[in-house]
Amino acid sequence: WDFEGDAQDSLGLNNGTINGATFNTFGAPTFYNNTDSLYFDGNDKVDFGSFIPVSGGTPRTISAWVNSSADGNEVTILEWGTHSNGERFRLGSNSGNGKLRVEISGTAQESSANIFDGNWHHIVVTFSGNNLNTGKIYIDGSLDTTITTSAVINTGSTQGLEIGRAPAHPENLSWIGSLDEIHIYNDDISALEVSELFGTQLTADGLEYMSQTADIILQADNA
């Protein structure tokens with residue numbers, strides 16, 4: 001999703017409904033050709049109904065540009081799944097430490113870098129298998145953390161994707177700040193591909209060229 005005036009994905013298959021979030025006019029991160037990003041004030045979300053991007057223990061990659069100074073709040077970039085151990089998949093933060101938190105319900109690990117400093121940061125999380133310890137966290141194009149915490153990933157299907165809110169969490173943990181260029185893939189992309197996502201614009205065709213094995217679930221297309 002490139003959040004250029006709407007929440008449509010580039011393939012036109014899994015479009016979201018914006019609830020409360022507003023479009024920034026001060027621009028998007030780095031040198032992307034778009035002009036908007038989506039701002040969330042702590043009470044907003046983009047709702048995708050029952051859509052489940054990746055389920056079970058399937059490998060996955062989530063990429064996003066984030067901008068927030070809410071380091072004293074527990075907030076959510078995106079979430080889907082079931083509120084049960086191993087079945088809820090969430091990216092966001094924990095209260096007060098400014099780190100990116102990768103969480104499956106019941107278990108989590110955080111980045112080393114602080115991303116809640118009021119600047120744009122590119123975050124990518126990849127998983128090559130059905131355990132949290134197959135994951136890697138990339139910040140601004142470089143490997144930040146190799147996840148060592150062990151827990152089985154079995155993402156459930158009772159709660160669809162929401163951006164900016166944790167629907168399966170009892171406190172919702174809504175995002176405060178801006179989000180842009182959110183991509184979800186059903187494969188773990190390589191470090192080279194992460195670097196390409198950080199440094200260049202990619203269309204759906206461009207990513208297919210780079211990673212022939214990855215079926216694209218959602219792809220922001222800025223061509």
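# A tour of the chain, strand by strand

Of the 223 residues of the chain, 55% count as buried. The model is predicted, and the stops below move from the whole chain to single residues and back out to the parts with low confidence.

**Whole chain**

Start with everything shown and coloured by secondary structure. The chain has 15 strands and 2 helices. Turn on the surface: about 8400 Å² is exposed, and carbon and sulfur atoms supply 42% of that area. If you draw contacts between residues at least 6 apart in sequence, 63% of them join residues at least 24 apart.

**The open sheet**

Select β1, β4, β13, β6, β7, β8 and β9. In that order, these 7 strands form an open sheet with antiparallel pairing. The edges are β1 (residues 17–19) and β9; each has a single partner strand, so one side of each has no neighbour in the sheet. Strands of a sheet pair through backbone hydrogen bonds, either parallel or antiparallel.

**Strand β7**

Next select residues 88–92, which make up β7. How many of the residues of β7 are buried? The count is 5 of the 5, so the strand is largely enclosed by the rest of the structure. Show the side chains: Arg88, Arg90 and Gly92 point one way, while Phe89 and Leu91 point the other way, and all are buried. In a regular strand the side chains alternate between the two faces of the sheet.

Add β6, residues 76–81. It runs antiparallel to β7, with 5 bridges joining them. Two of the facing residues to label are Trp80, whose bridge partner is Phe89, and Leu78, whose bridge partner is Leu91. The two strands form a hairpin with 6 residues between them, and in the turn Gly86 has a positive phi of about 80°.

**Thr76**

Stay on β6 and select Thr76, which lies in this strand. Is Thr76 buried or exposed? Its relative accessible area is 0%, so it counts as buried. Its side chain makes a polar contact of 2.9 Å with the side chain of Arg90. Beyond residues up to four places away in sequence, Thr76 touches several parts of the chain, including Leu91, Gly92, Gly164, Arg165, Asn172 and Trp175.

**Strand β8 and the turn to β9**

Now move to the other side of β7 and select β8, residues 99–104. Of its 6 residues, 5 are buried, which leaves the strand mostly covered. Antiparallel pairing joins β7 to β8 through 4 bridges. Leu91 has Val102 as its bridge partner in β8, and Arg90 stands opposite Glu103.

Extend the selection to β9, residues 107–114. Here the antiparallel pairing with β8 runs over 5 bridges, and Glu103 stands opposite Ala108. The hairpin has 2 residues between the strands, and Gly106 takes a positive phi near 105°.

**Leu132**

Select Leu132 in the loop between β10 (120–127) and β11 (135–139). Although this residue sits in a loop, Leu132 is buried, because its relative accessible area is 0%. Measure from its C-alpha to that of Ala151: the distance is 5.3 Å, with the two positions 19 residues apart in sequence numbering. Show what surrounds Leu132, leaving aside neighbours within four places: among the contacts are Val102, Ile104, Thr107 and Ala108, along with Phe127, Ile147 and Ile153.

**The nonpolar cores**

Which residues have the most contacts inside the largest nonpolar core? They are Ile77, Leu78, Trp80, Leu91 and Ile123, in a core of 39 residues. The elements giving two or more residues to this core are β3 (37–41), β5 (60–67), β6, β7, β8, β10, β11 and β14 (176–185). Another core, of 6 residues, lies apart from it; among its members are Val124, Tyr138, Tyr185 and Ile189. In soluble globular proteins, nonpolar side chains tend to be buried together.

**Confidence**

Finish by colouring the chain by pLDDT. The average is 81, and 80% of the residues score at least 70. Where is confidence highest, and where is it lowest? The highest mean is in β11, at 96, and the lowest is in helix α2 (residues 204–210), at 35. Select residues 201–223 last: the pLDDT there is below 50, and this stretch has 59 contacts in the model beyond near neighbours in sequence.

Note on methods
Residues numbered from 1 in each chain as written. Heavy atoms only, no water. Buried < 20%, exposed > 50% of the residue type's maximum accessible area, 1.4 Å probe, protein only. Pairing = 2+ DSSP bridges. Polar contact = N/O pair within 3.5 Å; in protein donor to acceptor, adjacent residues only side chain to side chain. Contact = heavy atoms within 4.5 Å. Core = buried A, V, L, I, M, F, W, Y, C linked by side-chain atoms within 4.5 Å. pLDDT = per-residue confidence, 0-100. Areas by Shrake-Rupley, 256 points an atom, 1.4 Å probe, with all protein chains shown as cover.
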